Amino acid sequence: MRLNKIFASMILVGASFSGNGWADNFQPFEVTDIQVEGLQRVALGAALLSLPVKVGDTVDQVKLQQAIKSLYGSANFELIDVSHENGVIFVKVKERPTISVISFDGNKDIKEEQLQQSLDESGVKIGESLDRTMITGIEKGLQDFYYGVGKYGAKVEAQIINLPRNRIELKFKFIEGLAAEIRQINVVGNTVFSDSELIEMLELKDFVAWWDLFGERRYQKQKLQADLETIKTYYHNQGYIRFNVTSTQVAMTPDRKGLYVTINVDEGEKYQVKEVNLTGELMGREELLKAILPIKTGETYNGGTVTYTEEMYSKYLGRFGYAYPEVKTYPEINDDTKEVVLNINVMPGKRVYVRSINFTGNTVTKDEVMRRELRQMEGAWLNSDQIEHSKTRLNRLGYFETVDTETIQIPGSDDLVDVEFKVKEQPSGSFNAGIGYGTESGMSLQFGVEQNNFLGTGNQAGFSVNTNKYQKSANLSYTDPYWTKDGVSLGGNLYWSEFDANEANLERYKNSSYGLALNSGFPINEYNRLNGGIGYRHNTISEVSAYEQALRFYNVYRESESPESDLSFNNFELTAGWSRSTLNRGTFPSDGSSQRLTGKMTVPGSDLQYFKTDFDTNFYFPLNRKQSFVVLARARVGYSNGYGKFNDNDQIMPFWENYYSGGSSSLRGFKSNSVGPRSFFLYRGSEPCSPDSSNDGCSLPGEPNTIQVSQGRSIGGNALATASLELIVPTPFLDDAYSNSVRTSFFVDAGNVWDTEFDYDSYRVLPAEQFSKLEDYSDPSRLRASWGMSVQWLSPMGPMVFSLAWPLKEYEDDDTEIFSFNIGKTF
């Protein structure tokens, strides 16, 4: 064979051959040695492994060609030169350069992480050799991406900068340019629905109102494809089963800054459902499947209902271990009668069992804490309902920002799977030592550990010392939610507190208290729980203002020998409660409801005999599938009173146990604790009436015209009712990844606090102008209401709440507060 023929065949692999052995007629020879030159990064052994020729082999032309192709196939070399002499093969190579640096310049629309991920998928990584033939394709792919988002003036250039030791820097330079805006969207061929009606449902827009700050007319290819599916789905849901998008055109203006989008459609006719047939393996449940079938004969065909039926049947089969059912609908369309017969074929497949359940992402929380919340068991068949219920229970713990599940098939087995729960933990407590601030509490100092997932055990533990402008407190608590394996909880706490009502927007008094309590909980079922407890509390009350409502209490419990001395009480308390929760998450839920009924009463024989009952309820109604828009309706009612007798007097509810409202946790727009009855004072002349041994305050009979009424501050009451309606929306300018840690809402709050036991009518002997100051206190219809917005953030320092609120109606004695900000408030 002539030498030029040999060269022609070698061009196919890009190699060149030289040497004495390449004569006009190639003669096979025995290889006595192989020598490789030019290696730098590639080891000699690796190069020889890529060469399918070894010493002692007899090589001919074909084998040598295959050897060179194999060297190129190793992707290590960009130039190979082969020669031979006296049985020795000489291989001279030039290695592909190694990528030492990858840099980007000018990219704004695409993040560097996205670019690097795209390069990684193409095999372009730091430390790897560079295949120059791929650069043009990468440039084109990146440029196509920009075209897909409407930036038709974008340019992408890859620069190769040589570095010492056969290394290079791969630098991508971007000129993004401006995005082309949609000038007009046209729909052609539609007669049933108008252009405006169809264009309104599209994500792409050719008009954005001036007030729509987040709207844009930017073209994106992916959005157009999604919009076409939206139109198709809309028509199919209205019975137009033959609807089709025949074509689309995107025309660019000469200046490449504007686009005209045209969508051509063929609507077809509206069809009715003539018959629905169930076929396949129905497992003896044909009657049940027919009974729950949402599609009815004679009604207009609806593609959405068909899809829902398939999903419903698949989910139903999933409850019995059929993890991979196939439910498909085969329509038989009669174009003459405009009717369709739907044949729904159900193939359950093989029943699947769970081999093992694994957890990932839980660096703090122990597996056993998560496993005890599961309702899907290992060894049992895979139950989709139990998987979802297990996921909900894990979310409800409040330890995790997200909980996801994945079902992994076991290689070589068609009836075994592993289930993996992937969690992303969030702060479930905090160690805090520092300074905080709230518009309600002022400057505060705190030190302590509050942990709802103590050392990853799921137990709740806390020790804290806090001080702010109105309260100093210390608390030590511990609760084991699984004291028994059946979910019976046991816990307790020790506490001490000093409270100055004068600094908390309340009428002046001081309350020093300490005590201890034990509590336990008992699960009734998956959603309901009973709680009970017993405790001891000591209160010392001092420096009480001589307002009439407090005098009513003092006149019963004061010591006659020392009427103005401090009052001390020792009380033993019993608590009981019921709670129910179907919330999908413990923190920032978006679906479900919760209710809590609690009661407390002092044991007969305690210094004070009274009871308190509270009921709270919350309902979350998601408005879309992503649950980014949610309506929250919540309410709270409470009532308390004394019971029994004390020294022939009725026991009275202690005023420091009153209900209060106002502030970021209840009626926003009003100062903390400011909503509800206010104290009032009676003066005879310039002397205030006060508790002493000679009178019961200012006795009203006699000379009421000499008594003056003075209004004071908020004192709370024994009855409370509040309600709130909120619209939870995505937080502007914030990525969806933070939706579980930041929440924004618009709200309307309403409610009030009342004193139903104080006898205001007994003061009617006062002159009319004096008594009129008191009438509002006994009016149960005097509600407070406000509206505004709130942002809540689960920060490492604890929950943060920011609110802007305005009262819907202000009364003369209201204390309003438009802005509020607090750290460490419970949501």
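This is a conversation between two colleagues about how to read a predicted protein model.

Colleague: Let's begin with the overall picture. How many helices and strands does the protein have?

Modeller: Happy to start there. This is a predicted model, and the protein in it has 13 helices and 39 strands. Of its 827 residues, 44% count as buried. The protein exposes about 42,300 Å², with carbon and sulfur atoms supplying 52% of that area.

Colleague: And what share of the contacts between residues at least 6 apart in sequence joins residues at least 24 apart?

Modeller: For this protein, 62% of those contacts do.

Colleague: Now the empty space. How many cavities of 30 Å³ or more does the structure hold, and what is the volume of the largest cavity?

Modeller: The general idea first: rolling a probe the size of a water molecule over the atoms shows where empty space is left. Here, the structure holds 7 cavities of 30 Å³ or more, and the largest has a volume of about 150 Å³.

Colleague: Which residues lie nearest the centre of that largest cavity?

Modeller: Its lining has 14 residues, and Arg552, Met653, Phe655, Asn658 and Asp755 are the ones nearest the centre. Sorted by class, the lining of the largest cavity has 5 nonpolar, 6 polar and 3 charged residues. Helix 12, residues 548–557, provides the largest share of this lining, with 3 residues.

Colleague: What about nonpolar packing? Which residues of the largest nonpolar core touch the most other members?

Modeller: As a rule, in soluble globular proteins, nonpolar side chains tend to be buried together. In this model, the largest nonpolar core has 25 residues, and those touching the most other members are Tyr509, Val544, Phe553, Phe569, Phe655 and Trp656. Helix 12 and strand 26 (567–581) each supply at least two residues of this core. Helix 12 gives the most, with 5 residues.

Colleague: Phe655 has come up for both the cavity and the core. With which residues is Phe655 in contact, leaving aside neighbours within four places in sequence?

Modeller: Phe655 is in contact with Tyr509, Ile541, Val544, Tyr547, Ala550, Phe553, Tyr660 and Ile715. Apart from this core lies another one, of 22 residues, among them Ile295, Tyr316, Phe320 and Val327.

Colleague: Let me try single residues. Is Tyr235 buried or exposed, and why?

Modeller: Tyr235 counts as buried because its relative accessibility is 0%, under the 20% cut-off. Tyr235 lies in helix 7, residues 221–237. Beyond residues up to four places away in sequence, Tyr235 touches Asn190, Phe193, Leu198, Tyr240, Phe243 and Glu267. Glu267 is 32 residues from Tyr235 along the chain, yet their C-alpha atoms are separated by 7.7 Å.

Colleague: And where is Tyr260 placed?

Modeller: Tyr260 is in strand 12, residues 258–266. With a relative accessible area of 35%, Tyr260 is partly exposed. Leaving aside neighbours within four places in sequence, Tyr260 is in contact with Arg183, Gln184, Gln249, Val250, Ala251 and Thr253. The C-alpha atoms of Tyr260 and Arg183 are separated by 5.7 Å, although these residues are 77 apart along the chain.

Colleague: One last case, this time from a loop. Is Ser741 buried or exposed?

Modeller: Ser741 counts as buried, at 11% relative accessibility. The loop in question runs between strand 35 (719–729) and strand 36 (742–754). Not counting residues up to four places away in sequence, Ser741 touches Phe588, Gln792, Trp793 and Leu794.

Conventions
Residues numbered from 1 in each chain as written. Predicted model: local features only at pLDDT ≥ 70, side-chain atom pairs only at ≥ 80, totals over all residues. Heavy atoms only, no water. Helix = DSSP H or I, 4+ residues; strand = E, 2+ residues; numbered from the N terminus. Buried < 20%, exposed > 50% of the residue type's maximum accessible area, 1.4 Å probe, protein only. Contact = heavy atoms within 4.5 Å. Areas by Shrake-Rupley, 256 points an atom, 1.4 Å probe, with all protein chains shown as cover. 1 Å grid on protein atoms, 1.4 Å probe; cavity = no way out; pocket = protein on both sides within 12 Å on 5 of 7 lines; lining within 4 Å. Points joined across faces, edges and corners; volume = space filled by probe spheres on them. Nonpolar A, V, L, I, M, F, W, Y, C, P; charged D, E, K, R; others polar. Core = buried A, V, L, I, M, F, W, Y, C linked by side-chain atoms within 4.5 Å.
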